[in-house]
Amino acid sequence: MNLRRNSSDPGGGEVGSARHLILIAFDEVALKRGQRSRFIEQLRRNILDQIDCEPGRLALRHGRLELEFRPESEDELWRRCSSSLGRVFGIKWFGRAEAVPVDLDALEAAVVRRAIAAVESGARTFKLEHSRKNKAFPIESQELNRRVGARVLQAAPELSVDVHQPELLIVVEIRRDQVTVFADRQPGADGLPIGTTGSALALLSGGIYSPVAAWYSMKRGLRVECVHFHSPPYTGLKAEEKVRDLVHALNHWTPEPVRLLLVPFSRIQEEIAERIPAEYWTIVQRRFMQRIAGRLAEQCGFDALVVGDSIGQVASQTLSNMAAIDAASPHLVLRPLLGFNKADIIARARTIGTYEISIRPFEDCCVLFAPRKPAIQCDLKVVEAHERELNQDGLIDEALESLTSS
Ligand code: ATP
Ligand code: MG
């Protein structure tokens, strides 16, 4: 450990021995005893797939991932990576950092470099935090804050200290083998890495809710694909384009593109409208969707289905109706939006980039075949009796034969 100051160092310091990094901290991954290494490896792969830049080296060190890159590409890389990294599930926070040898001069020089860079981007107040994980380092955190802080003020006189609401927080971690200095800490997307908890088929309408439900399923680590039931010629190309755009928006949050399965539904709806009393149209349509999605789940090996409804969101979303819908297929049906109120869901749709697409005025098939007064307390036996009027298997086979995917 070298505590001697290099008198020729003007303040910016030698960059040569510093490693330039983006530090990535995990969210719940850190807690998964027994599964930890599998989760971290999946997160590592997802990061490499999801960031749209030359990844450099991505390695696990001190319980975090370090993405290393050449200093000359730092600004450009940070700009591009930071927006992608903010959309990788499993990350708690990430930040631009330098790792330098355990040496006071190197530590000070790295802090000063971070401070000068922040001043150039407009910062005027700062706070310094030292975390001395290596207790053998001979200067205590308080003293380091004082000494290194004074050095920053000398090198960047535009800055002043603000311990309550600093524009720039510089954190210095002193470990046994390296000192890490980081600023620009950004919040991650939290949750679990996609691909660690299973897979699900999300029933995606063109509405506001189902894309948010699909997003929350991804956030819990599920690999999600989507199925949409469309009704040409009642619904046009614009309605289909809307659903494709929703999937495109969801793709920003996943390492691999989300596949969209499109199932033609008009024939089933026409049969329902002809043979079943209007009050049961909604429930019978949803039961058909559930059966078809269940068949697809079986064929493609999905562990669950995901839908965007919640209790009381629309008149027909009652517990008895949900029970009747779920009875149509043996698959586990997830309803991630159950605990949210409408305003929360709309706010989330805005932040994930689906809201503006969902409110485009192209209705999906359900709206066209919606009864004026849907049954709100349905009796499963009555529904099943009505359904016997329909050639269920024939209609489902026919729909699946015309399925398209993209
Ligand atoms: P959303 O905003 O998701 O459409 P909603 O409040 O309008 O929800 P419904 O239209 O009753 O409620 O749909 C409930 C759920 O059924 C949807 O969230 C979706 O998961 C599924 N669903 C409805 N219509 C379709 C469709 N055309 N294709 C695929 N899934 C659908
Ligand atoms: Mg809807």
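Buried here means under 20% relative accessible area, exposed means over 50%, and partly exposed covers what lies in between. With that cut-off, E225 lands on the buried side, because its relative accessibility is 12%. Its salt-bridge partner is R223, with 3.2 Å between the closest N and O atoms. R223 has a relative accessible area of 34%, so it goes down as partly exposed. All of this comes from a predicted model, so the usual caution about local features applies. Elsewhere in the chain, salt bridges that share partners tie R19, R57, E66 and E68 into one network.

One pair from that network can be looked at on its own. E68 and R57 meet through their side chains in a salt bridge, at 2.7 Å from N to O. The two residues sit eleven positions apart and link distant parts of the chain, with E68 in strand β3 and R57 in strand β2. E68 counts as buried because its relative accessible area is 19%, whereas R57, at 53%, counts as exposed. Another pair is E140 with R132, where the closest N and O atoms are 3.8 Å apart. Here the acid is the exposed partner, since E140 has a relative accessible area of 53%, while R132 is buried at 14%. The structure holds 29 salt bridges in total.

As for the overall shape, the C-alpha trace spans about 90 × 40 × 35 Å along its principal axes. The radius of gyration of the chain is 27 Å, against a value near 22 Å for a compact globule of 406 residues. Of the 406 residues, 52% count as buried. The accessible surface comes to about 19,000 Å², and carbon and sulfur atoms own 50% of that area. Among contacts with a separation of 6 or more, 81% are between residues 24 or more positions apart. On the secondary-structure side, the chain has 14 helices and 14 strands.

Strand β4, residues 91-100, is mostly covered, with nine of its ten residues buried. β4 pairs with strand β1 (residues 19-26) in the antiparallel sense, over eight bridges. In that pairing, F26 has I91 of β4 as its bridge partner. β4 also pairs with strand β8 (residues 179-187), again in the antiparallel sense, this time over seven bridges. There, A99 is matched with T180 in β8.

A separate paragraph goes to the open sheet of six strands, which has mixed pairing and runs in the order β13-β12-β9-β10-β11-β14. β13 (332-334) and β14 (404-405) stand at the edges with a single partner strand each, so one side of each is left without a neighbour in the sheet. The partner of β14 is strand β11 (residues 260-264), joined to it by two bridges and running antiparallel. Across that pairing, L262 stands opposite T404 in β14.

The backbone has a few spots worth listing. The peptide bond from P232 to P233 is cis, with omega near 5°. P233 is in the loop between β10 (222-230) and α6 (237-251). H62 is not a glycine, yet its phi is positive, near 50°. H62 lies in the loop between β2 (57-61) and β3 (64-69), and its relative accessibility of 35% is why it counts as partly exposed. D190 also has a positive phi, about 60°, without being a glycine. This residue is found in the loop between β8 and β9 (198-203). D190 is partly exposed because its relative accessible area is 28%.

Finally, the surface carries a nonpolar patch formed by L153, V161 and V163, with about 240 Å² of accessible area together. L153 lies in helix α4, which covers residues 141-155. At a relative accessible area of 34%, L153 is partly exposed.

Notes: Residues numbered from 1 in each chain as written. Chains lettered and ligands numbered in written order. Predicted model: local features only at pLDDT ≥ 70, side-chain atom pairs only at ≥ 80, totals over all residues. Heavy atoms only, no water. Patch = residues over 30% accessible without salt bridge, like charges linked within 9 Å, V, L, I, M, F, W, Y side chains within 5 Å. Areas by Shrake-Rupley, 256 points an atom, 1.4 Å probe, with all protein chains shown as cover. Salt bridge = Lys/Arg side-chain N within 4 Å of Asp/Glu carboxyl O. Helix = DSSP H or I, 4+ residues; strand = E, 2+ residues; numbered from the N terminus. Buried < 20%, exposed > 50% of the residue type's maximum accessible area, 1.4 Å probe, protein only. Pairing = 2+ DSSP bridges. Rg over C-alpha atoms; globule rule 2.2 N^0.38 Å. Contact = heavy atoms within 4.5 Å.
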